[in-house]
Amino acid sequence: MIPVRCFTCGKVISDVWDVYKERIKQEEPGKVLDELGIRRYCCRRMLLAHAELINEIAPYE
Amino acid sequence: MEVEIEERGEKEVKFVIKGVKVRFANALRRAMITEVPKFAIDEVNIHENTSLLYDEQLASRLALIPLKTDLRDYSADDVVSLTLKAISPERAGYTVVYSKELISSDPEMEAAFEDIPVVKLISTEREIRGIRTVARQMISLEAIARQGRGKKHAKWQPVTVCSYKDLPGEDKNGLLFSVESDGALPVDEIVIEAARIMREKCKSVVNGL
């Protein structure tokens, strides 16, 4: 699961994750982040570098 | 002292303070970070949690959700209870539980962001000796929100970015502040409340002498 807030500055970034994930299928991630109001590089890396791993763990319940 | 607002929104403000010492600006900055109170989830009673997250991970995620607060409506030891119940779908698949699904005992207090994913609940289909069953995950919990200050835990810190710098260029007489709220309080209220707290602290020094 995406962290709720940016590790560095504390801004809530998880609320745009679903939109971000959908939009980067078609668009440039940098542009999407700009439009979603994720301006600082500390916040941008949270979304850019996130790997959704929870589905990998799911089978080993 | 002279204050000039450069940019102002509900969550962000940029202003220039002229004619003050840097130590004053720093005191104001630190007051905004550590002294301005707000509400955050502080205790979670988990009745059921069969999701993939451990109880403490779930509690940590809940605590980080900013709760919209009007400070004038509450006293320091008021508590607000928020409940959350969810179950994964009847067939194989998943649902994501969002912050908007928190049901507050106080209609005035709600999550500042609706779409914060709290946890993912997954249904898996299994076949055991020819019988199909669906294993569903569920959560059921009560979260208790309390007022606190940033000096105790970052979840009670009302600001994200809160900094000042020298004005660019030759004019070294002013400081440019950038303050950004995490969404729980309007940003101008944070600045005003911090200033008020500083004044109270100074008064208590005078009274103590």
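In this predicted model, Ile190(B) has contacts well beyond its sequence neighbours. Leaving aside neighbours within four places in sequence, Ile190(B) is in contact with Met32(B), Val36(B), Pro158(B), Val159(B), Val179(B), Ser181(B) and Leu185(B). Ile190(B) also belongs to the largest nonpolar core, which has 57 residues. Six members of this core touch the most other members: Ile13(A), Met32(B), Ile65(B), Leu67(B), Val179(B) and Ile190(B). Domain 1 and domain 2 of chain B each contribute at least three residues to this core.

Ile190(B) is one of the buried residues of helix 3 of chain B. The others named as buried there are Val187(B), Val191(B) and Ala194(B). Helix 3 of chain B covers residues 187-208, a run of 22 residues. At 1.5 Å a residue, helix 3 should span 32 Å, and its end C-alpha atoms are 32 Å apart, so the expected and modelled spans agree. Where do the buried residues of helix 3 of chain B lie around its axis? Seen down the axis, they fall within an arc of 100°, so they line one face of the helix. The face turned away from this buried side carries the exposed residues Ile192(B), Arg199(B), Glu200(B), Lys203(B), Ser204(B), Val206(B) and Asn207(B). The buried residues of helix 3 have a cover that includes strand 2 (12-18), helix 1 (22-34), strand 10 and strand 11 (174-181) of chain B.

Chain B is divided into two parts: domain 1 (2-36 + 158-208) and domain 2 (39-150). Taken over C-alpha atoms, the centres of these domains are separated by 34 Å. The contact between them takes seven residues from domain 1 and nine residues from domain 2. On the side of domain 1 that touches domain 2, three residues are nonpolar, two are polar and two are charged.

Chain B also touches chain A. This contact takes 18 residues from chain B and 15 residues from chain A. Two strands of chain B, strand 7 (117-128) and strand 10 (159-166), each supply at least two residues to the side that touches chain A. Which of the elements of chain B gives the most to this side? Strand 7 does, with four residues. By class, the side of chain B that touches chain A divides into eleven nonpolar, three polar and four charged residues. Strand 10 of chain B thus appears twice in this account: strand 10 supplies residues to the contact with chain A, and strand 10 is included in the cover of the buried residues of helix 3.

Methods. Residues numbered from 1 in each chain as written. Chains lettered and ligands numbered in written order. Predicted model: local features only at pLDDT ≥ 70, side-chain atom pairs only at ≥ 80, totals over all residues. Contact = placed C-beta atoms within 7 Å. Nonpolar A, V, L, I, M, F, W, Y, C, P; charged D, E, K, R; others polar. Expected span 1.5 Å × (residues − 1). Buried ≥ 20, exposed ≤ 12 C-beta atoms within 10 Å, placed from the backbone. Arc of directions from axis to C-beta. Core = buried A, V, L, I, M, F, W, Y, C linked by C-beta atoms within 7 Å. Domains from an automatic or database assignment.
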